[in-house]
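I opened this model to go through a hairpin, a core and a histidine, and I note below what I looked up for each.

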Amino acid sequence: MKYLCQVWFDSGILDAMTQEEKTELDTNSLNYDKDLVESGHMIVAQALQPPKSAVTLRVRNGEISVTDGPFAETKEALGGFILIEAKDLNEAIRVAAGIPLARFGAIEVRPIHEFGAK
């Protein structure tokens, strides 16, 4: 079964890190991605640009409206995602717990809905 692990964190925490700490976090994250590939759990992983680079759009009555940034006003923002394969939710949680940014933010683990699946 596929699970989306959304990586949420406060960018202020990263901003407060030294360059050495950021480099160590990046190295740990890339190494964990490699571990997930080797174990067969990894489908895809991507880091996202900061929320200030985002736009939010809505379509209402056929009209498109676009606003700058994310819709929600929160300290934590979606910073990236990892799409994994796991046998069940417990295994997905175990895999997500290893994501290095889990120590600084939150990882939302959500099963993928597969249309037409029984």
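I began with strands β3 (residues 55-60) and β4 (residues 63-68), which run antiparallel and are joined by 6 bridges; strands are DSSP runs of E of at least two residues, helices runs of H or I of at least four, both numbered from the N terminus, and two strands pair if DSSP finds at least two bridges between them. The two strands form a hairpin with 2 residues between them, and asparagine 61 in the turn has a positive phi of about 50 degrees. Arginine 60 stands opposite glutamate 63 in β4.

I note that this is a predicted model, in which local features need pLDDT of at least 70 and side-chain atom pairs count only at pLDDT 80 or more, while totals for chains, interfaces and linings use all residues. Residues are numbered from 1 along each chain as its sequence is written, and side-chain values use heavy atoms, with hydrogens and water left out.

Next I looked up the largest nonpolar core (buried Ala, Val, Leu, Ile, Met, Phe, Trp, Tyr and Cys residues joined through side-chain atoms within 4.5 Å), which has 17 residues, and of these Cys5, Leu36, Ile82, Ile84 and Ile99 touch the most other members. β1 (2-10), α2, β5 (76-85) and α3 (89-97) each supply at least two residues of this core, with the largest share, 4 residues, coming from β1.

Finally I turned to histidine 41, which lies in the loop between α2 (19-39) and β2 (42-47). Histidine 41 is buried, with a relative accessible area of 11%; buried means under 20%, exposed over 50% and partly exposed in between, with a 1.4 Å probe and protein chains only.
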